[in-house]
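Welcome, and please open your viewer with side chains switched on. We will go from one selection to the next and look at what is there.

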Amino acid sequence: MGTIVVQWAAAIVDYLAQLGAPREALLRAGGLDASAFAQPGLRVRREQYEALWSYARHEGGGNPRLAFVRDVLDAQHLGVFGYLARAQASVGAALVTSAAFHRLIKDDTETQVVQEDRGAWLSYRRTDGSSAGAADEAEGVLAAHAVLAGRWSATGRGALEVHLRHERPAHASLLDEVFRCRIRYGEAENRVLLARDQVHASLVSRDDALALELEQLAHQRNGSLPPRPLSAELRQAIGQTLERGDAELGRVAAVLGTSARTLQRRLKEAGLSFRDELDAVRRSRALEALRRRERPIGEIALSLGFSD
């Protein structure tokens, strides 16, 4: 189970309390102690973090994460991660920094940046190779990158395009307000596209000396996080290999930067089965594709390697 940096949980509690939610009720919902918020290195369990948002959603409906991003999100809510990103030379550098140190915020998810002619796509997914589980979370993370890119560069620009895996929600008007661009639902992954000129835009808060100092601190904190379980690494590699064709052991090992023999040894030591992990990723992707009804069942099965 993943963990979340405590400053992020504290910022959420403060925001929801300002909106009228009883602070004590929020802390109880998340199983949190307010004294923990004064310990910068502490991390809370994902289920505690999700309980805060579940409480807010139950009380107010919609997606409160989007309102948080729109109304108050800034570097101080993200700790070292936020200040490091804001000190970069450009929006593009901040996106790359965000992807490199994303685990400092949530250690069970990741972002990736891919350049194209129109600009840069930033995608968000869990480290088991599937897109982030909660639709609300995907919306919030993509919105955070788009909004902060415009805010920190003083361009005020929104995104060019947004892709979300889930279907159009009841709060779609809030998504339109926050992103201010075309939003496509039922897509293959959760991602946001920022325009080329925005990616190259300078950040008004650029501070090269501070960026260098904070990057060293971020590396130290990243190194102190527990290593990702082999199962998570393996499922991510399987997912990447499936996208390019057959996910056989040797190809998956190559993605992990190791040999098939070494990977087999590590799996045996961890009590894992390559076949079981492969089937788990295939099932997850098949169910997701069936949910979106994007292709006939037989075609989905063949594309994921199911022969019967």
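The tour visits some aromatic rings, then a charge over a ring, then two loop residues.

Before you start, note that this is a predicted model, in which local features need pLDDT of at least 70, side-chain atom pairs count only at pLDDT 80 or more, and totals for chains, interfaces and linings use all residues. Residues are numbered from 1 along each chain as its sequence is written, and side-chain values use heavy atoms, with hydrogens and water left out.

**Stop 1: the aromatic rings**

How many aromatic pairs does the structure hold? There are three. Rings of Phe, Tyr and Trp (its six-membered ring) pair if their centres lie within 6.5 Å; planes under 30 degrees apart count as stacked, over 60 as edge-to-face and the rest as tilted.

Select Tyr-15 and Phe-68 to begin. Their ring centres are 5.1 Å apart and their planes meet at 70°, so this pair is edge-to-face. Tyr-15 sits in helix H1 (residues 6–18) and Phe-68 in helix H4 (residues 64–71), so the pair links parts of the chain 53 residues apart. Helices (H or I, at least four residues) and strands (E, at least two) are DSSP runs, numbered from the N terminus.

Keep Phe-68 and add Trp-53. These two rings also form an edge-to-face pair, with 6.2 Å centre to centre and 65° between the planes. Trp-53 belongs to helix H3 (residues 46–60), and 15 residues separate Trp-53 from Phe-68.

Are these rings buried or exposed? Tyr-15 and Phe-68 are both buried, which means under 20% relative accessible area, while exposed means over 50% and partly exposed lies in between (1.4 Å probe, protein chains only). The relative accessible area is 1% for Phe-68 and 4% for Trp-53, which is buried as well.

Now add Trp-8 to your selection: ring pairs link Trp-8, Tyr-15, Trp-53 and Phe-68 into a cluster.

**Stop 2: a charge over a ring**

Select Trp-121 and Arg-191. Arg-191 lies over the face of Trp-121, at 3.7 Å from the ring centre (the criterion is NZ of Lys or CZ of Arg within 6 Å of the ring centre and within 35 degrees of the ring normal).

**Stop 3: two loop residues**

Most residues other than glycine have a negative phi. Select Ala-154, where phi is positive, about 65°. Ala-154 is in the loop between helix H7 (135–153) and strand E5 (161–164), and is exposed at 57% relative accessibility.

Finish at Arg-180, also not a glycine, with a positive phi near 55°. Its loop runs between helix H8 (172–179) and strand E6 (182–185), and Arg-180 is exposed at 53%.
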